[in-house]
Amino acid sequence: MSINLSEQDIQKIIQSVMKNVEEALGQPPQETKEVVGAASPIKPIKMKTINHAESKTDGSLNQEQQKPMIFPGMLTPLGSKPGTHAGNKTVASVQSGSENGVFENMEDAINAGYKAQQIYVKNYSMKNREHILTAIREAVIKEKEILAKMVFEETKIGRLEDKIAKHELAAKTPGTEDLKTDACSGDAGLTIVEQAPYGLIGAITPVTNPTETIINNTIAMLAAGNGVVFNVHPSSKKSSAYVVNLINNAIKEAGGPENLVSMVKNPTMDTIQTLIESPKVKLLVGTGGPGLVKTLLQSGKKAIGAGAGNPPVIIDDTADIEHAAKSIVLGASFDNNILCIAEKEVFVIDSVADDLIFHLLNNGAYMLSPNELAQIERFVLEENKENKAFGCSLNNKREYHVAKEWIGKDAGAILAQIGVKASSDIRLLICEVDFDHPLVQLEQMMPILPIVRVTDIDEAIELAVKAEHGNRHTAVIHSKNVDHMTKFARAIETTIFVQNASSLAGVGYGGEGHTTMTIAGPTGEGITSPRTYTRQRRSVLANGGFRIIG
Ligand code: NAD
């Protein structure tokens with residue numbers, strides 16, 4: 001028989017059962033509070049499920065109803081918030097703090113993240129995780145313009161409209177659907193291999209995609225059941241703190257634990273060291289330049305390194321030259337070339353070089369004269385002091401690095417510095433240079449694209465491989481000759497190899513496949529996704545157990 005009980009009656013029943021259970025367990029009754037969008041850290045929680053339909057008419061409970069349930073969230077119906085029940089009621093005691101993910105010191109960020117992850121992994125189902133990820137994605141999309149503007153104003157690099165697109169892209173990071181269980185069965189029984197979380201991950205982010213990397217890493221790491229503590233680039237700490245707050249609010253509103261994503265407010269090399277040394281941090285993930293990757297790989301801990309690139313693009317004499325030019329302008333000028341995947345130098349077969357330049361100029365590029373290039377080199381390149389060439393010494397080869405203050409600046413601003421007023425349509429500066437030019441050899445991260453003429457595909461491949469410097473990051477070719485494409489792909493061995501599209505297609509922007517902001521070339525994980533942030537765990541049921549075929 002089923003009866004209708006009022007909300008008050010149900011609450012009374014729950015309170016009385018909780019009291020009985022706690023007395024039976026020999027513990028003092030605790031103050032309880034209904035969890036709605038549960039804030040945490042949650043103290044050890046006792047939850048009760050009351051099935052309204054089967055309650056007795058006198059308000060007492062049947063035998064089944066009196067059994068205590070100790071695992072909050074575990075029986076949460078699909079699609080509803082963890083810690084709440086659609087048809088049933090759950091009760092839990094909760095505590096909350098006020099940092100919202102951003103901590104004054106790294107130890108506190110780690111401790112809070114660790115505690116949150118323990119709650120997350122034990123109490124939240126796959127469906128609950130997905131519910132939280134949806135909330136994060138929605139919050140990011142809702143605030144994509146605000147986030148883009150904050151990053152733009154704080155870092156002063158890149159292009160605002162492209163940063164909005166990058167936030168949209170980061171929000172598309174895959175979720176729990178990326179996790180797969182492998183199974184094999186045979187005469188000896190059944191074995192499954194599941195993808196389990198590492199625990200708390202320490203992640204270090206770059207200034208070039210600061211909030212975008214936090215969003216991308218968070219979605220992928222949380223999908224896999226981890227928590228994450230960030231050490232962000234100091235030049236992006238304000239916008240990073242904003243997005244960490246935003247993400248934590250979204251998590252809490254979706255019923256998730258507090259501080260599941262945390263960071264230190266003022267990141268330094270010392271805070272990175274604390275992260276590296278903490279026994280609570282089980283995996284390190286670094287997105288940035290070679291110094292960062294080297295540091296993490298020396299840590300003695302499992303590390304995933306996403307390092308620098310210097311992507312070459314080849315155009316051969318079979319290519320659709322107009323399409324190639326449009327793709328190159330898009331990729332090389334997107335966010336003013338600060339992306340690690342962006343086209344950074346061109347190798348074009350001489351017979352089609354003029355045609356390519358013609359179409360580049362028709363699609364937003366400006367050709368620098370040798371004199372203009374010489375003037376620009378004076379401020380965008382700085383000579384390395386330690387290897388400075390002296391007149392009468394044997395060392396007469398000058399070496400350069402990129403001037404930091406010009407990274408990610410607009411093509412128009414670079415031209416203005418030499419007194420050239422360009423139309424606002426100009427997104428990219430191009431110049432013809434030799435292979436040895438520093439703009440070919442360095443990862444310039446500014447919208448100046450050097451073009452090198454070559455005689456044939458073999459020379460193009462040879463020089464492109466040299467210019468990539470073994471980063472094994474990204475390479476692009478425009479060609480209709482499958483042999484050329486295959487030869488280049490085999491020679492350069494990059495993580496991303498794009499054919500007949502802009503480099504952006506390699507991260508799912510105008511190309512198929514999922515996106516990432518962490519391309520782990522040096523350590524081999526490639527286009528990272530939730531499964532990258534998992535440990536494989538095997539469970540074996542032996543002696544022929546659970547096998548249907550006898
Ligand atoms: P960066 O290396 O200067 O800084 C990245 C992060 O590492 C920052 O948080 C910084 O504080 C930290 N860091 C720097 N040197 C370190 C060291 N020696 N030890 C420990 N931590 C260190 O890089 P950036 O200027 O912020 O970003 C641009 C670089 O990142 C480019 O080289 C670009 O190619 C690369 N990047 C790579 C990817 C990828 O997915 N592979 C993505 C974005 C950027």
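Asp178 is found in the loop that runs between helix α5 (160-171) and strand β4 (182-186). The model that shows this is a predicted one. With a relative accessible area of 10%, Asp178 is buried, because buried means under 20%. The chain also brings a distant part of the sequence to this loop: Asp178 and Ser529 stand 351 residues apart along the chain, yet their C-alpha atoms are separated by 7.3 Å.

A second pair of this kind involves a helix. Lys149 belongs to helix α4, which covers residues 144-155. In sequence, Lys149 and Ile164 are 15 residues apart, and in space the two are 8.3 Å apart, C-alpha to C-alpha. Is Lys149 buried or partly exposed? Its relative accessibility is 44%, so Lys149 counts as partly exposed.

Helix α2 allows a simple check of geometry. The helix holds 18 residues, 106-123, and at 1.5 Å a residue it should span 26 Å. The C-alpha atoms at its ends are 26 Å apart, which agrees with that expectation. At the start of α2, a side-chain oxygen of Asn105 comes to within 3.2 Å of the backbone nitrogen of Glu107. Several residues of the helix are buried, among them Met106, Ile110, Gly113, Gln117 and Tyr120. The buried residues of α2 also include Ala109, Ala112, Ala116, Ile119 and Asn123.

A similar contact between a side chain and a backbone nitrogen is found at Ser479. This residue lies in the loop between β18 (474-478) and α16. The side chain of Ser479 reaches the backbone nitrogen of Asn481 at 2.9 Å. Ser479 has 0% relative accessibility and therefore counts as buried.

The next topic is the ligand. Where in the protein does the ligand sit? The ligand sits in the largest pocket. It is surrounded by 28 residues, and the closest are Thr205, Val207, Gly289, Glu443 and Ile519. Two helices, α8 (269-277) and α9 (290-297), each supply at least two residues of this shell. The largest share comes from α9, with three residues.

Individual atoms show how the protein meets the ligand. A polar side-chain atom of Glu443 lies 2.4 Å from an oxygen atom of the ligand. Backbone atoms take part as well: a backbone N or O atom of Gly288 is 3.4 Å from an oxygen atom of the ligand, and a polar backbone atom of Gly291 is 3.5 Å from a ligand nitrogen atom. Taken alone, the ligand exposes 830 Å², and the protein buries 85% of that.

Two of the residues closest to the ligand can be placed in the fold. Glu443 is in the loop between α14 (438-441) and β17 (448-454). At 22% relative accessibility Glu443 counts as partly exposed, because the partly exposed class lies between 20% and 50%. Glu443 and Ala467 are 24 residues apart in sequence and 9.7 Å apart in space, taken from C-alpha to C-alpha. Gly289 is in the loop between β9 (281-287) and α9. Its relative accessibility is 32%, so Gly289 also counts as partly exposed. The partner of Gly289 in space is Cys340, 51 residues apart from it in sequence and 9.5 Å apart from C-alpha to C-alpha.

The last topic is the backbone angle phi. Most residues other than glycine have a negative phi. Which value does phi take in Asn336? Phi of Asn336 is near 60 degrees, a positive value in a residue other than glycine. Asn336 is located in the loop between α10 (321-333) and β12 (345-349). With 0% relative accessibility, Asn336 counts as buried.

Glu493 is another non-glycine residue with a positive phi, near 55 degrees. Glu493 also has its place in a loop, the one between α16 (482-492) and β19 (496-499). At 48% relative accessibility, Glu493 counts as partly exposed. A positive phi is thus found here in a buried residue, Asn336, and in a partly exposed residue, Glu493.

Terms used:
Residues numbered from 1 in each chain as written. Predicted model: local features only at pLDDT ≥ 70, side-chain atom pairs only at ≥ 80, totals over all residues. Heavy atoms only, no water. Helix = DSSP H or I, 4+ residues; strand = E, 2+ residues; numbered from the N terminus. Expected span 1.5 Å × (residues − 1). Buried < 20%, exposed > 50% of the residue type's maximum accessible area, 1.4 Å probe, protein only. Polar contact = N/O pair within 3.5 Å; in protein donor to acceptor, adjacent residues only side chain to side chain. Near = heavy atom within 4 Å. Areas by Shrake-Rupley, 256 points an atom, 1.4 Å probe, with all protein chains shown as cover. 1 Å grid on protein atoms, 1.4 Å probe; cavity = no way out; pocket = protein on both sides within 12 Å on 5 of 7 lines; lining within 4 Å. Sits in = over half its atoms within 2 Å of the grid points.
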